[in-house]
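Reader: I am new to this structure and would like to know what stands behind the words used for it. Please set the values against the definitions.

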Amino acid sequence: MDKYILIPLLPLIGFFINIWFGRFFQAKCHWIPILAVFGSFVISVITFTEVVQGKIINYDVYSWVVSGNFKVSVGFLIDQLTAVMLIVVTTVSLLVHIYSVGYMHGDPGYYRFFAYLNLFTFSMLMLVTGNNLLQLYFGWEAVGLCSYFLIGYWYQKQSAADAGKKAFIVNRFGDFGFGLGVFMVFIYLGTLHYTDIFANLHTLQGQTINVLGYEIGLVTLIALLLFCGAIGKSAQLPLHVWLADAMEGPTPVSALIHAATMVTAGVFLVARFNPLFSMSETAMIVVALTGAITSLMAATIALVQNDIKRIIAYSTVSQLGYMFLACGVGAYGAGIFHLYTHAFFKALLFLGAGSVMHAMAGQLDIQKMGGLRKYMPITFFTFLIASFSIAGIPGLAGFFSKDEILWLAYNGGTVGKIVWVIGTIVAGLTAFYSFRVIFLTFFGKFRGTHEEEHHLHESPPSMTVPLLILAVGAVAAGWVGIPPVLGGGNWIGHFLEPVLGHPHVHGTHAEEWMVMGISVAMGIGGIFVAAVLYLWAPGLPLFFGRAFKSAYTVLWNKYYFDELYDYTIVRPTKWFARRILVGVTDAKIIEGIVNGVPKLIGEFGERLRKLQTGVLQHYEIGMALGVFVIASLVFIFAK
Amino acid sequence: MVPLDWYIMLSAVMFTIGLAGFIARRNIIIMLICIELMLNAVNLSLIAFSHYLQDLKGQILVFFTISVAAAEAAIGLAILVAVFRNKAMVDADKLTEMKG
């Protein structure tokens with residue numbers, strides 16, 4: 001046994017200790033989970049340095065399933081891609097664990113919360129370290145399960161329980177496709193191990209399969225099926241509806257699962273299968289356009305929402321769209337780079353929002369906040385840095401990754417140009433809504449009740465220290481990917497190149513400056529507009545809201561996706577369940593059999609007992625008649 | 001020597017009297033006596049046939065019948081005594097606890 005297995009194993013041990021014995025440790029039960037994740041983090045960092053020195057770890061630990069020619073093992077593949085993911089997952093997980101000590105303090109399910117966090121960390125690490133598709137699938141479903149546990153953590157609240165179910169059920173749709181994709185890979189390639197899959201991919205080239213009368217390229221089909229899973233997990237159109245509702249969970253959960261790690265699993269999947277996706281132009285276009293359209297849609301929704309966590313959630317959907325957009329134009333490295341920087345600033349935004357909620361006693365409506373800058377300077381400062389980072393202000397993490405994506409999209413042919421335009425618009429929108437939150441929350445006058453104002457305070461150190469560490473990440477995480485045109489070496493791009501490749505770039509330096517200039521201008525423009533609307537002319541938003549009432553209503557209602565699904569899927573399903581499954585199958589058929597058989601026997605007995613008259617003479621007559629009949633028969637037939 | 005026919009007829013008459021008495025009467029003691037009458041009617045015919053056929057099996061069977069009848073009478077009377085102690089009467093029509 002070597003140290004790599006400990007990376008996922010430590011949080012699993014932490015989970016078991018805490019779920020069984022956590023209640024006995026009371027308020028001290030956070031120590032074991034934190035130490036477990038800290039152990040994972042340290043080993044991950046060591047592993048990362050080994051990978052940087054050129055070591056690729058790929059070995060099987062245990063034969064998991066052996067059945068005929070179906071062989072799957074539990075094994076680890078730690079290459080450059082996995083190493084980056086390991087750093088992201090363990091860092092954010094560790095900080096969120098520490099943050100939760102302050103945030104969840106005094107919650108009745110304190111030990112349960114940490115147990116779930118540890119289980120989630122284990123699942124996520126299994127997902128990223130696996131060397132085969134089945135292990136990835138295992139981690140994929142396990143993180144989904146943990147997501148369900150943690151969204152519905154406050155299960156006494158109906159909306160939280162519903163949100164958990166929604167997340168789980170919506171993900172079923174995506175995972176159904178993903179499952180089919182895994183089957184297809186096994187049927188056509190006979191293996192689920194990455195190395196064997198990628199070595200044999202060329203055999204799929206040119207094969208087609210007939211689906212409902214259409215000839216579809218096998219590669220395209222498998223890629224799209226796998227992408228189905230990514231759409232569900234990473235909350236892309238049309239399965240994005242669960243992520244905003246997932247905000248019912250505790251805020252550290254939103255930061256860890258629904259911003260930094262689990263939702264990026266889809267991007268990881270596409271990046272991991274980049275040889276497959278790159279073989280199918282159709283699949284690439286689908287990935288790029290899905291990402292771009294989702295990104296635009298989510299950003300526009302975020303413009304008008306008032307719930308601080310939902311705005312950040314839509315921002316996450318939008319940024320995930322960005323990552324898919326990058327993968328779709330072949331810039332997998334840029335996508336993973338954005339995943340990595342996004343993990344820092346988005347986790348920071350969520351934890352900052354959690355800090356605000358902590359001070360506001362759970363208030364989420366940014367219209368009822370304001371002026372918090374004076375009361376919670378650390379939260380304000382870190383939130384501001386994260387917002388600058390996501391807005392793409394030069395020098396901060398978000399700028400480098402976003403710029404890399406936009407530049408590579410610009411070079412990506414016609415589709416690339418389209419998604420570049422969308423991406424640039426989204427960059428402006430992102431800056432606008434991020435600073436709308438900043439101005440409404442931290443500037444101006446406090447708009448809540450007097451009692452709330454009295455209660456305002458900065459959060460305890462266990463919360464502010466993770467914020468500060470993440471703020472350092474939100475500033476500096478991008479410095480590993482400074483493009484050559486700015487005098488850097490794009491180190492992370494070259495680091496990931498052996499796994500993810502690098503798209504062909506034919507644009508000139510002048511064009512690169514232009515792309516960069518436009519996106520920065522959009523970002524600053526967005527901030528400026530937000531400042532005008534929410535700082536200098538507070539009457540204007542209302543005016544615009546009235547002037548473009550129909551557009552505002554559509555955005556406010558999130559393009560009516562929930563309503564659409566409610567009418568087309570939820571209600572027919574419920575109708576079917578209630579009328580057919582409950583009304584016919586259950587009430588008529590199953591209960592008919594279960595209740596019918598005893599009833600039949602009972603009625604038969606009811607009739608039969610009438611024979612038992614209790615009058616001895618009746619029995620005697622019966623016996624005599626019986627004898628008579630038998631004797632008669634003997635006489636008749638015996639001759 | 002008495003011919004076989006006579007025994008058979010006597011046996012039939014005894015059996016019929018027993019059956020009729022069992023059906024017609026309501027006093028359990030009488031009913032038990034009627035059962036004994038029927039059993040003995042059968043015993044009579046068995047012995048008659050046994051003698052007629054010169055086969056001892058019939059007489060052996062009669063011993064069994066007698067012992068069964070004795071047991072039956074003992075149990076029947078015991079039940080009767082118990083019933084009488086509880087109900088102070090032995091009318092079969094009024095004993096309807098077992099009615100379905």
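Reader: Why is A:Ala27 called exposed or buried, whichever it is?

Author: A residue is buried if 20 or more other C-beta atoms lie within 10 Å of its own, exposed if 12 or fewer, and partly exposed in between, with C-beta atoms placed from the backbone. A:Ala27 has 10 other C-beta atoms within 10 Å, so A:Ala27 is exposed. The residue lies in the loop between helix H1 (6-25) and helix H2 (31-52) of chain A. Its C-alpha is 7.7 Å from that of A:Gly106, although the two are 79 residues apart in sequence.

Reader: What kind of model is this, and how is it numbered?

Author: This is a predicted model, in which local features need pLDDT of at least 70, side-chain atom pairs count only at pLDDT 80 or more, and totals for chains, interfaces and linings use all residues. Residues are numbered from 1 along each chain as its sequence is written, while chains are lettered from A and ligands numbered from 1 in the order in which they are written.

Reader: How many helices and strands does chain A have, and what makes a stretch count as one?

Author: Helices (H or I, at least four residues) and strands (E, at least two) are DSSP runs, numbered from the N terminus. By that rule chain A comes to 26 helices and 4 strands. Its C-alpha atoms fill a box of roughly 125 × 70 × 55 Å along the principal axes. Of its 639 residues, 50% count as buried.

Reader: How do you know whether the length of helix H15 of chain A agrees with its number of residues?

Author: The expected span of a helix is 1.5 Å times one less than its number of residues. H15(A) covers residues 332-359, which is 28 residues, so the helix should span 40 Å; the end C-alpha atoms are 40 Å apart, which agrees. There is also a kink of about 30 degrees, centred on A:His342. The bend at a residue is the angle between axes fitted to the seven residues ending there and the seven starting there. After H15(A) comes A:Ala361, with a positive phi near 55 degrees.

Reader: What makes H15(A) largely enclosed?

Author: Of its 28 residues, 26 are buried, so H15(A) is largely enclosed by the rest of the structure.

Reader: Which residues touch the most other members of the largest nonpolar core, and what is such a core?

Author: A nonpolar core is a set of buried Ala, Val, Leu, Ile, Met, Phe, Trp, Tyr and Cys residues joined through C-beta atoms within 7 Å. The largest has 203 residues, and A:Val270, A:Ala347, A:Leu348 and A:Ala474 touch the most other members. H15(A) gives the most to this core, 16 residues. A second, separate core has 8 residues, including B:Leu19 and B:Met31.

Reader: What is A:Leu348 in contact with?

Author: Two residues are in contact if their C-beta atoms, placed from the backbone, lie within 7 Å. Neighbours within four places in sequence aside, the partners of A:Leu348 include A:Thr382, A:Leu467 and A:Ala474.

Reader: How does the radius of gyration of chain B stand against that of a compact globule?

Author: The radius of gyration is taken over C-alpha atoms, and the globule rule is 2.2 Å times the number of residues to the power 0.38. For 100 residues that gives a value near 13 Å, but chain B has 17 Å. The C-alpha trace of chain B spans about 50 × 25 × 25 Å along its principal axes. Chain B has 3 helices and 0 strands, and 13% of its residues count as buried.

Reader: How many residues does each chain bring to the contact between them?

Author: Chain B brings 10 residues and chain A brings 12. Helix H1 (residues 4-24) of chain B supplies the largest share of the chain B side, 3 residues. That side has 6 nonpolar, 2 polar and 2 charged residues. Here Ala, Val, Leu, Ile, Met, Phe, Trp, Tyr, Cys and Pro count as nonpolar, Asp, Glu, Lys and Arg as charged, and the others, Gly among them, as polar.

Reader: Are A:Lys558 and A:Tyr560 buried or exposed?

Author: A:Lys558 has 21 other C-beta atoms within 10 Å, so A:Lys558 is buried. A:Tyr560 has 12 C-beta neighbours inside 10 Å and therefore counts as exposed. Phi is positive in each: near 55 degrees for A:Lys558, and near 60 degrees for A:Tyr560. Most residues other than glycine have a negative phi.
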